[in-house]
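I am opening this notebook to keep track of what I looked up, entry by entry, beginning with the open space and then turning to the packing of side chains.

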Amino acid sequence: MVDLTRRALFGAIGLGIVGTVVSWPRLTGADIPGRGQDVLTVALFGTAQDAVARQSLVDGFQRKHPGIEVRIVAIQGQDWSEYFAKILTMIAAGTPPDVVTVATEGAQLFASRLAHPLDDLVRRDAAEMQEYFDDVNPTLIEAFMYQGSLFQLPDNFNAANVFYSTQAMERAGLERPADNWTLDDFFATARAMKKSAPGQFLPYFWNNRLWGGVVPWLYVNNTSFLREEKASGGDWFWNRFYPDQPARSGGYVWRQADALNEHAVESFSVLESMVSEGLAANPAQGGGNELVSLFSTGSVGMTPAGGFWVRGLDEAGVANDAYDVTYFPRMAGQRHQFGAGGYAIMETSPRKDEAWEWLKYCVSVEGMTIAHPKPDSSLPRRSLNAELYGAGVGPDHWQVFYDTLDKFPDTGPMPAPPQQAAVESALLKNVVSTITNGPSGVRRGLETMQRDLEIALGGR
């Protein structure tokens, strides 16, 4: 049965990539992860150093489960599609992992082809799991539902918020923006920052990427570049664990391109105006690597980032009172974007019960605390964020990171259907040309984007 499953999964996509697996501890050719050993193999999307960093998590797990040996295997790749392809290569070689880390970008890709639904396991341990779900905003859970089944338990997330320089704000004579500030307020703030700044200064710096690029500006305008729908099902879960919450779905569905709707045109026109007026960076002119430097030296006033950036700024020597954080401004709405991550159990795994124990431990208070000793991501457990960001660690308004979910309940994951890699490529390759050819070029650029998205989605 497993061999048939391997052949079916391997044939599910065309493999043009033969992956190199980097594992820890160091392996020889005769010591391939999972082959000939009764060991729980956990694959993560990262480097050997990332694998080493998980050792304290493994140690904590094995104190509770001394009979389960765990091996962490790091898999490097350019994107989730390549990671997925390398997992398939491991399956074909007879060395499939039992558990894999998957973020929002790859969640539906794995759920549709490789991951094992958690439904029966969650039902079986419902009493034990209730404490976790009581501590987690249901929006994060819904992001890992697919066609009515739950495939992952989130253990980290980052909403896209607006980080701003307190120096730039004070120099312009401005106070912290109101939580419900508007697009007009944003433009007024950016213009005041630019007018009061000496030398080279960008009021708003952003990158052309799926998280924190154009999507936040689409979401606050109650739109997206794909038509968002909801799958039926999931009542088994919502009725049991969130009975007092508004009804939710069996997961997000993105089947159709929607780049030409009027709200999308408006949002791209806003970005065109920012760039043409010199209030925002042309995203073609700089990548994320230079952003910390620009922000720390006072060359940037505002930028999209999440809780993960607190650690990055701290390591760059930026004091926590040199910046603060707020929400994206309101347009037609004020919905926000987030990305999340967690572990999934492989359908091919013969160790699903052991894998489930690993998932439960990673989302326990102890496991999540061990995995995130520093502010490198916001934590799905609401109760743990005060220790992570409070007491002078994060900015004054660090509560924004989780309040984004609580105050704006329509906040959702970035669009990531099973064809995510092709969809992301179709989006990003058209952004710059759409916003840099004048107001009349916006719709023309979106027409090309619409065509490319339809191709990426299989003609839809």
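**Entry 1, the largest pocket.** I asked which residues lie nearest the centre of the largest pocket. In this predicted model, Phe45, Asn156, Asn158, Asp376 and Ser377 hold those places, out of 47 residues that line the pocket. I noted a volume of about 1500 Å³ for the largest pocket, and I found that strand 14 (residues 337-345) supplies the largest share of its lining, with five residues.

**Entry 2, the nonpolar cores.** I next looked up the largest nonpolar core, which has 93 residues, and within which Ile87, Phe133, Leu153 and Trp358 touch the most other members. Helix 4, spanning residues 80-92, gives the most to this core, namely seven residues. I followed one of these members further: leaving aside residues up to four places away in sequence, Leu153 touches Leu118, Met129, Tyr132, Phe133, Gly341, Gly342, Tyr343, Trp356, Leu359 and Val363. Apart from this core I found another, of 53 residues, with Val215, Ala280, Val423 and Ala456 among them. I add as background that nonpolar side chains in soluble globular proteins tend to be buried together.

**Entry 3, aromatic pairs.** How many aromatic pairs are there? I have the count as 31. One of them joins Trp211 and Phe308 in an edge-to-face arrangement, with 5.5 Å from centre to centre and 65 degrees between the planes. Trp211 lies in the loop between strand 9 (202-204) and helix 11 (215-219), while Phe308 lies in the loop between strand 12 (300-305) and helix 15 (309-315), so this pair ties together parts that are 97 residues apart in sequence. I also checked whether the two are buried or exposed: Trp211 is buried, at a relative accessible area of 12%, whereas Phe308, at 29% relative accessibility, counts as partly exposed.

A second pair that I wrote down is Phe237 with Phe241, which is tilted, at 5.0 Å centre to centre and 40 degrees between the planes. These two phenylalanines are separated by about one helical turn, because they stand four residues apart in helix 12 (residues 235-241), and both Phe237 and Phe241 are buried. I then saw that they belong to one aromatic cluster formed by Tyr132, Phe133, Trp236, Phe237, Trp238, Phe241 and Tyr242.

**Entry 4, charges over rings.** Finally, I looked at charged side chains above aromatic rings, and noted that the charged end of Arg171 sits over the ring of Phe201, 5.4 Å from its centre. Lys230 lies over the face of Tyr252, at 4.7 Å from the ring centre.

Technical notes. Residues numbered from 1 in each chain as written. Predicted model: local features only at pLDDT ≥ 70, side-chain atom pairs only at ≥ 80, totals over all residues. Heavy atoms only, no water. Core = buried A, V, L, I, M, F, W, Y, C linked by side-chain atoms within 4.5 Å. Buried < 20%, exposed > 50% of the residue type's maximum accessible area, 1.4 Å probe, protein only. Contact = heavy atoms within 4.5 Å. Phe/Tyr/Trp six-rings, centres within 6.5 Å; stacked < 30°, edge-to-face > 60°. Lys NZ or Arg CZ within 6 Å of the ring centre and 35° of its normal. 1 Å grid on protein atoms, 1.4 Å probe; cavity = no way out; pocket = protein on both sides within 12 Å on 5 of 7 lines; lining within 4 Å. Points joined across faces, edges and corners; volume = space filled by probe spheres on them.
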